[in-house]
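I opened a fresh page for this one. Here is what I looked up, in the order I got to it.

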Amino acid sequence: MQVRVLGCSGAIAKDCRTTSFLVDADLLVDAGTGVGDLTLDEMAAIDDVVLTHSHLDHIAALPLMLDAVGSRRTRPLRVHALAATIDALRAHVFNNVIWPNFERIPSPESPFVSFHEIAVGQCLELGRDAPKLIEVLPAVHTVPACGFAIRRAEGGAHWVFSGDTERNPPFWERINAIDVAMLVIETAFSSREEALAERSLHLSPVALAHELAHIDPGKQYPIYITHTKPAETEEIMSQIEMLAGREVAGLAQRDIRWLKADGVLTF
Ligand SMILES: [Zn+2]
Ligand SMILES: [Zn+2]
């Protein structure tokens, strides 16, 4: 399985694109602005999109992508999301005001997109050439949200993505019970903005340490930090390093890296 990092930034700027990952060639995890770097053929090859939540930085490219490649596809693009996320997309994006209702265009019988409800705890099997199992994980955010654990259907370790989240004990309970190849977890704010992180239900370095302390001590896997605000990335990473240097529980003896866009994670 291969995960291509299309976008992993907490905001846009030159060379900074928001959350989106391409798993193999056919599954998109979130549809942030990173999708805009794909060619038309690459976009048209995507059959399924799984969304963590309705925030714009995770869905911005979805309406634009449908417009770009809908007519090149013979089947609707399937979008899998929590019920609240689907409701929000219908009400606020595909409402014929912000963007056309592609659930009925070009025709209700053969539309560009179809929405499919998922729930935390559910496991989906998706993937045309290389079937994948996608488990929906809990997240704690200002709108209903989730994370994902994805592995090849035939077996193997999981690629785990936290989604946007604050402190989330049930998440750790679940990921300690599965085989993890790597974890991608958000740390949107620096310690300077800890209060804002708590209010907006995102992590900052101290909260990240609190979270990573839940990892089963016997387990070791690379941890990639995502969703850093471009202006704060260096600060966030040096604060994490400093806390790790002080042997703060959760960060000491952990392999923690900043997630780079354009990278491909293979396992
Ligand atoms: Zn969010
Ligand atoms: Zn976000």
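My entries cover a metal site and then some salt bridges.

**Entry: the metal.** I kept in mind that this is a predicted model. I started with the zinc ion (ligand 2) and found its protein donors to be Asp-57 (OD), His-58 (NE2), Asp-164 (OD) and His-227 (NE2), at 2.1 to 2.2 Å. Along the sequence these donor residues follow the spacing D-H-x105-D-x62-H.

What geometry did I get for this site of the zinc ion (ligand 2)? It is irregular, with angles of 90 to 167° among the 4 donor atoms. Tetrahedral would need all angles between 85 and 135 degrees, so 167° rules that out.

Then I checked the other zinc ion, ligand 1: it sits 3.5 Å from ligand 2, and Asp-164 coordinates both. Asp-57 is in helix H2, while Asp-164 is in the loop between strand S10 and helix H5, 107 residues apart. I also noted that Asp-164 is buried, at 2% relative accessible area.

**Entry: salt bridges.** My count came to 16. I looked at Arg-4 and Glu-42, which meet at 3.0 Å, N to O. Arg-4 is in strand S1 and Glu-42 in helix H1, so this pair ties together parts 38 residues apart in sequence.

Next came Lys-132 and Asp-24, with their closest N and O atoms 2.8 Å apart. Is Lys-132 buried or exposed? Lys-132 is buried, at 0% relative accessibility, whereas Asp-24 is partly exposed at 22%.

Last, I wrote down a network of salt bridges that links Asp-47, Arg-73, Arg-75 and Arg-128.

Notes: Residues numbered from 1 in each chain as written. Chains lettered and ligands numbered in written order. Predicted model: local features only at pLDDT ≥ 70, side-chain atom pairs only at ≥ 80, totals over all residues. Heavy atoms only, no water. Donors = N, O, S within 2.8 Å, 3.2 Å for Na, K, Ca; no water. Tetrahedral: all angles 85-135°; square planar, octahedral: opposite > 155°, others 65-115°. Helix = DSSP H or I, 4+ residues; strand = E, 2+ residues; numbered from the N terminus. Buried < 20%, exposed > 50% of the residue type's maximum accessible area, 1.4 Å probe, protein only. Salt bridge = Lys/Arg side-chain N within 4 Å of Asp/Glu carboxyl O.
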